[in-house]
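I set out to record, entry by entry, what I looked up in this structure. The entries cover aromatic rings, nonpolar cores, one strand and some backbone details.

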Amino acid sequence: INEALLELNHHGKGPVHINVPISEPLFRFTTGELPKVRVITRYQGLNVYDREYTGLIERLNNYNRRMIVAGQMSLIYLFEKKYSKLLYKHFAWLTEHTGNKIVPGIPVKNFDAALYALPEETLEKMVPDLLITYGGHIVSKRLKQFLRKHPPREHWHVSLDGGVADLYGSLTTVIEMDPFEFLEKIAYLLENRTTEFPRIWENNTRDLPEPEFAYSEMAAIGALVKSLPAPAALHLGNSSTVRYAQLYTLPEEVEVCCNRGTSGIEGSLSTAIGYSVCSDKLNFVVIGDLSFFYDMNALWNTNFGCNLRILLLNNGGGEIFQALPGLKMEDKTHRFVTATHKTSAKGWAEERGFAYLPVHNEGELTEAMATFTQPEAYSRPMLMEVFTDAAEDVRLLKEYYHQLKK
Ligand SMILES: Cc1ncc(C[n+]2csc(CCOP(=O)(O)OP(=O)(O)O)c2C)c(N)n1
């Protein structure tokens with residue numbers, strides 16, 4: 001058809017005839033068959049009986065390989081023991097530091113490293129049939145890749161707003177409900193039988209060694225995480241910092257805040273400072289140099305207190321872009337993509353009344369970290385600037401991952 005007359009109802013005033021050549025915008029693209037579609041069903045809670053949910057519970061009980069992935073949430077949910085006992089054994093529970101404490105029992109947190117290290121035959125045994133998710137953002141690209149490559153038979157997402165976010169490309173069900181209410185509800189509906197699946201995940205991830213890095217960004221984050229006084233709030237900037245922190249075990253009493261999934265590197269310093277003003281804990285902000293300088297104006301305000309401690313990882317540019325696999329850059333591209341620079345925060349930090357701790361090597365790191373993490377009140381906020389070599393950081397990171405495969 002070259003030209004066709006389309007009839008449109010123009011503002012309800014009866015039909016209008018417009019001459020539209022409809023072949024033109026289609027550029028002769030033809031489609032042999034209709035695309036395959038996946039129906040996503042929404043349940044409005046398990047209490048509101050707008051939809052029969054017994055089928056849902058039946059399927060929940062029939063699957064043997066069940067996984068729950070809890071994404072970013074800024075809260076601590078204390079499950080009563082009776083619920084934890086009923087729920088824990090049925091699922092492989094996965095979460096990241098940015099999820100804080102929102103699962104019953106002890107979750108698997110080092111899955112990103114495990115997914116890299118384990119051979120394909122082992123990984124195939126770790127694929128869930130049923131995936132249930134709640135919470136927001138997930139940092140690990142490997143988990144996204146793994147679940148997209150091995151889609152579960154069903155993916156249910158539980159959230160209060162009932163929004164549809166098909167992160168793994170296999171969403172089948174949206175349950176519009178508070179996730180904790182959902183879990184406590186199904187706790188009593190799960191048939192009491194043992195399944196191997198959670199154990200498989202536990203066994204395959206338990207013995208992965210925590211990294212011990214030579215002087216680098218990763219080593220600085222590791223040193224901080226290991227000496228964090230509790231209770232404390234840990235603010236993680238995008239993008240390498242939030243990934244590197246995930247490599248270490250974090251004390252349970254440390255709450256983790258992150259702008260992940262909202263405004264990227266923008267405003268992470270401002271948000272952290274705002275939070276620290278209302279917090280009676282020590283607030284540690286781990287931030288890359290681009291994110292810091294992008295938002296350095298945040299230090300201009302005068303309301304922050306002595307509970308603010310900023311760990312600035314200065315490797316002279318955006319490290320994440322150097323670490324990305326497959327992004328080889330020529331000199332000029334490298335300069336513009338990673339935004340290389342030679343700026344230090346010293347002048348600005350001292351101007352704003354911070355105690356300034358510069359670090360250039362392992363010895364200085366150990367010494368400065370002792371002051372930086374001392375729990376006693378201090379008369380000034382602190383800024384510790386750790387200078388590292390971006391190429392060396394990336395080399396050490398790759399080395400760590402390679403030796404995991406051995
Ligand atoms: C507002 C905004 N602009 C740009 C980006 C793209 N981006 C992602 S990470 C990054 C570089 C971050 O560099 P840095 O803060 O030094 O952290 P590093 O990667 O070195 O840890 C940029 C520009 C973003 N996420 N958000």
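**Entry 1. Aromatic cluster.** I began with the rings and found that Y77, F79, Y134 and F180 form one aromatic cluster. I counted rings of Phe, Tyr and Trp (its six-membered ring) as a pair if their centres lie within 6.5 Å; planes under 30 degrees apart are stacked, over 60 edge-to-face, and the rest tilted. I note here that the model is predicted: local features need pLDDT of at least 70, side-chain atom pairs count only at pLDDT 80 or more, and totals for chains, interfaces and linings use all residues. Residues are numbered from 1 along each chain as its sequence is written, and side-chain values use heavy atoms, with hydrogens and water left out.

**Entry 2. Aromatic pairs.** I searched the whole structure and obtained 13 aromatic pairs. One of them is the stacked pair of Y77 and F180, with 4.1 Å from centre to centre and 10° between the planes. Y77 lies in the loop between β4 (66-70) and α3 (81-88), and F180 lies in helix α7 (residues 179-187), so this pair ties together parts that are 103 residues apart in sequence. Helices (H or I, at least four residues) and strands (E, at least two) are DSSP runs, numbered from the N terminus.

I then asked whether F180 is buried or exposed. F180 is buried, at 4% relative accessible area, while Y77 is partly exposed at 25%. The terms are set by relative accessible area: buried is under 20%, exposed is over 50%, and partly exposed lies in between (1.4 Å probe, protein chains only).

I also looked up F292 and F293: their ring centres are 5.2 Å apart and their planes stand at 85°, so the pair is edge-to-face. Both F292 and F293 are buried.

**Entry 3. Charges over rings.** I checked for charged ends above aromatic faces, counting NZ of Lys or CZ of Arg within 6 Å of the ring centre and within 35 degrees of the ring normal. R142 lies over the face of Y401, 4.7 Å from the ring centre. K405 has its charged end over the ring of Y116, at 4.6 Å from the centre.

**Entry 4. Nonpolar cores.** I defined a nonpolar core as a set of buried Ala, Val, Leu, Ile, Met, Phe, Trp, Tyr and Cys residues joined through side-chain atoms within 4.5 Å. The largest such core has 45 residues, and F213, L224, L234, F372, M384 and V386 have the most contacts inside it. Helix α9 (residues 217-227) supplies the largest share of this core, six residues. At least three residues of the core come from each of domain 2 (41-206) and domain 3 (217-405); the domain bounds come from an automatic or database domain assignment.

Which residues does L224 contact, leaving aside its neighbours within four places in sequence? I listed L234, F284, V286, L311, M369, F372 and T373, with contact taken as heavy atoms within 4.5 Å. A second, separate core has 30 residues, among them L130, M177, F182 and L190.

**Entry 5. Strand β9.** I followed L234 into its strand. All five of the five residues of β9 (residues 232-236) are buried, so the strand is largely enclosed by the rest of the structure. Both faces are covered, with A232, L234 and L236 buried on one side and A233 and H235 buried on the other. Five bridges join β9 to the parallel strand β10 (residues 254-258); strands pair if DSSP finds at least two bridges between them. Within this pairing, L234 stands opposite V256.

**Entry 6. Backbone details.** I found a cis peptide bond from A230 to P231, with omega near 0°, and P231 lies in the loop between α9 and β9. N238 and S239 are also joined by a cis peptide bond, with omega about 5°; S239 is in the loop between β9 and α10 (240-245).

N100 is not a glycine, yet has a positive phi of about 55°. I placed N100 in the loop between β5 (92-95) and α4 (111-117), where it is buried at 13% relative accessible area.

**Entry 7. Totals.** I closed with the chain as a whole, which has 17 helices and 14 strands. Buried residues make up 49% of its 406 residues. Of contacts between residues at least 6 apart in sequence, 72% join residues at least 24 apart.
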